[in-house]
Number of protein chains: 2
Amino acid sequence: MKIENDLLLRVARGEKVERPPVWLMRQAGRILPQYRELRASVAGFKALVSNPALAAEVTLQPVDELDVDAAIIFSDILVIPEAMGLDYDMVEKRGPLFPRTVQTAADLADLRSGATAAQHLEYVYEALRLTKAQLQNRIPLIGFAGAPWTIFAYMVEGSGSKTFSKAKKLLYTQPALAHELLQKITDTTIAYLRLKRQAGADILQVFDSWAGILSPAQYREFALPYLRQIRTALADDLLILFARGAAHAWPALAEMGANVVGLDWNITAPAARQLLGPEQVVQGNLDPCALYAQEADIQHLTTTMLNDFGGHQIANLGHGVYPDTPLDNVRCFVETVKNYRYSS
Amino acid sequence: MKIENDLLLRVARGEKVERPPVWLMRQAGRILPQYRELRASVAGFKALVSNPALAAEVTLQPVDELDVDAAIIFSDILVIPEAMGLDYDMVEKRGPLFPRTVQTAADLADLRSGATAAQHLEYVYEALRLTKAQLQNRIPLIGFAGAPWTIFAYMVEGSGSKTFSKAKKLLYTQPALAHELLQKITDTTIAYLRLKRQAGADILQVFDSWAGILSPAQYREFALPYLRQIRTALADDLLILFARGAAHAWPALAEMGANVVGLDWNITAPAARQLLGPEQVVQGNLDPCALYAQEADIQHLTTTMLNDFGGHQIANLGHGVYPDTPLDNVRCFVETVKNYRYSS
């Protein structure tokens, strides 16, 4: 079925287009008053994630409110550990907390993985189907998952962390165990992303949020091989790979066939183009804090960014939009991109 | 007066040496049992920092215990905001907290700066003099300060933060006010570092701990010019500049004349050498988590790092040593460096 506005898919395939498509990481969330209202009416963040009808509603809110070029299913990367058998709580103002973590071979043996684990996430697939139906093919729907290393980091550390030193310690002290856990996560993630695609996702994004805390050597050993497995297993899918804080790894992501390489805001467009070449499709990378500026400044910063990348770009921030960003400023960013035209 | 082991100073001056000197960021701290004991006996972290005799004692602990090639004065980068008139509390497990912050021109007008502010830090200079006397010229003594942007980040944000979005918002919304505050911080830092040198510091390190959360454009506008002022004002001093997470800025630090460029662990030696050239003296950059590994692995990782940089290096971690690092592993790192010899 043809999608009415398929700009994002065309760019992801490497086609030349009239203007960059635009969406924002975390667009379905606290920047929207209708989200905050709905969120206040339920028992917690997970009550939204696990309810397909509500997740679909939240997914569509920014589509209606901001007129972005893509929807991204409202969910959480930590549904994967949960499906594997590690429950978590989302603690207000503290973030995720896992009562149990993986430290030993016995912990590992207790985990489900692959299709067996992925089938526990029926509520996500149902949310995708509902969203897809309600979108009526206006714009593409993005499905996503955390990258194996990032999921591993939470499953071992048990919570967010500035250093993830417990998770990294396991890489240094029990590399074989670490690889086994990473493999189980990868198997689950592949099954999960396949089911997401079958449920309606038009393109998939893998978030390696904690890529930046690994040394380049560790990223090569414990992250890239599993991303490569995902890329290979989903050979027919459009894939956006986002390794935040790990510019050293971006060329490897491009080489393994990421259709789109996500960029954080810690790099200039010329430096990114030097790393990745002029034809690699990139996604990003405005500083989220730039949306605190005056409208004229937002317009200027956004236009400069688009000029500097010179095409083959999905316009986005370099990170999720911050919850306290004024909605009018988000709107200004989106409209600036939508009014932009490539010269040739 | 000649320093007995002046290896670190010779390397910082660009001289060829027989082996790399070694010390660890945060070597004076919780890795040492004698520190933890002393710390438990006083009212809090600031009680140690503000007491010259205790600060000197803590500074010397790792010298005696680990036989490192440099001492670094035990202090805190946040003594500068305090000297300027913004008090802070160090809250256990939460980090620094400023009851008042800088948001307006009026807040800014209330602040002391330059020599007037720096003279409030007599206890730091006294700690340096005591340390210097007790060191008896065995090894060099490092003095340090936070970089203007990092100090600004705390003075505006009021605490640590994952995003420092309040501090960055001020850069985007009130750039003139931001520059005025940065100038006041810079003036104070220059006066402070001069007094530290007069009190006995043999070499100075400036920590830009939050460099990595600025976009390259903002780093160019709000960070580099002030670091350049510091470099120019302290033209005769040996200066280590460490901009964590901002590899894009390291060539600029080298160009402004940093004797030593500090490296975080998020870069390989070949990539760092490509950015900075074979002759630039660098400091770093082992992953702090590598010190959780088995001794044989620590030896291997350390030796590989030294080989890969090929000289002109002060061996260190890419960040402060983590408090729960086993002391024997720290010792293994130090000894591996001290047993290393350059081949030519």
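A crossing of two helices is left-handed if the near helix is turned anticlockwise from the far one by less than a right angle. In this predicted model, that description fits chain A, where H2(A) passes H4(A) in a left-handed crossing. The two helices involved are H2 (residues 33–40) and H4 (residues 52–66) of chain A, whose axes come within 9 Å and cross at roughly 160°. Angles over 145 degrees count as roughly antiparallel, and H2(A) and H4(A) are therefore roughly antiparallel to each other. On the H2(A) side the contact draws on Gln34(A), Tyr35(A) and Leu38(A), which meet Leu54(A), Glu57(A), Val58(A) and Gln61(A) of H4(A). Sorted by class, the residues of this contact of H2(A) with H4(A) come to four nonpolar, two polar and one charged.

It helps to step back to the chain as a whole. Chain A is built with 17 helices and nine strands. Its radius of gyration is 19 Å, close to the 20 Å that the globule rule gives for 344 residues, so chain A is as compact as a globular protein of that length. The C-alpha trace of chain A spans about 60 × 45 × 40 Å along its principal axes.

Two packed helices are described by the angle between their axes and the distance between the axes. A second pair in chain A can be read in those terms: helix H9 (residues 148–157) and helix H10 (residues 165–173) of chain A pack at an angle of about 105°, and their axes are 7 Å apart. Since 65 to 115 degrees is the range for roughly perpendicular, H9(A) and H10(A) are therefore roughly perpendicular to each other. From H9(A) the contact takes Phe152(A), Ala153(A), Val156(A) and Glu157(A), and from H10(A) it takes Lys166(A), Ala167(A) and Leu170(A). The classes here are five nonpolar and two charged residues, with no polar ones.

Chain B offers a further helix pair, H4 (residues 52–66) and H8 (residues 122–135), which pack at an angle of about 45° with their axes 8 Å apart. That angle makes H4(B) oblique to H8(B). The crossing in which H4(B) passes H8(B) is right-handed. In H4(B), the residues Pro52(B), Ala53(B), Ala55(B), Ala56(B), Thr59(B) and Leu60(B) meet Tyr123(B), Glu126(B), Ala127(B), Leu130(B), Thr131(B) and Gln134(B) of H8(B). The contact of H4(B) with H8(B) has eight nonpolar residues, three polar and one charged.

Some backbone details deserve a look as well. In chain A, Gly284(A) and Asn285(A) are joined by a cis peptide bond with an omega of about -15°, and Asn285(A) lies in strand E8 (residues 281–286) of chain A. In chain B, the peptide bond from Gly284(B) to Asn285(B) is cis, with omega near -10°, and Asn285(B) has its place in strand E8 (residues 281–286) of chain B. Lys93(A) has a phi near 65°, a positive value in a residue other than glycine. This lysine, Lys93(A), sits in the loop between strand E2 (89–91) and strand E3 (95–97) of chain A.

Finally, the two chains can be considered together. Two copies of a chain are related by a rotation about an axis and a shift along it. Here, a turn of 180° and a shift of 0.0 Å along the axis lay chain B on chain A with an RMSD of 0.0 Å. The two copies are thus related as by a two-fold rotation axis. The same surface serves both copies, as 100% of the contact residues of chain B recur in chain A. The contact between the chains takes 22 residues from chain B and 22 residues from chain A. On the side of chain B that touches chain A, helix H10 (residues 165–173) of chain B gives the most, with five residues. By class, this side of chain B consists of ten nonpolar, eight polar and four charged residues.

Key:
Residues numbered from 1 in each chain as written. Chains lettered and ligands numbered in written order. Predicted model: local features only at pLDDT ≥ 70, side-chain atom pairs only at ≥ 80, totals over all residues. Contact = placed C-beta atoms within 7 Å. Helix = DSSP H or I, 4+ residues; strand = E, 2+ residues; numbered from the N terminus. Nonpolar A, V, L, I, M, F, W, Y, C, P; charged D, E, K, R; others polar. Least-squares fit on C-alpha atoms with pLDDT ≥ 70 in both. Axes fitted to C-alpha atoms, helices over the stretch in contact; angles between N-to-C directions. Parallel < 35°, antiparallel > 145°, perpendicular 65-115°, else oblique. Rg over C-alpha atoms; globule rule 2.2 N^0.38 Å.
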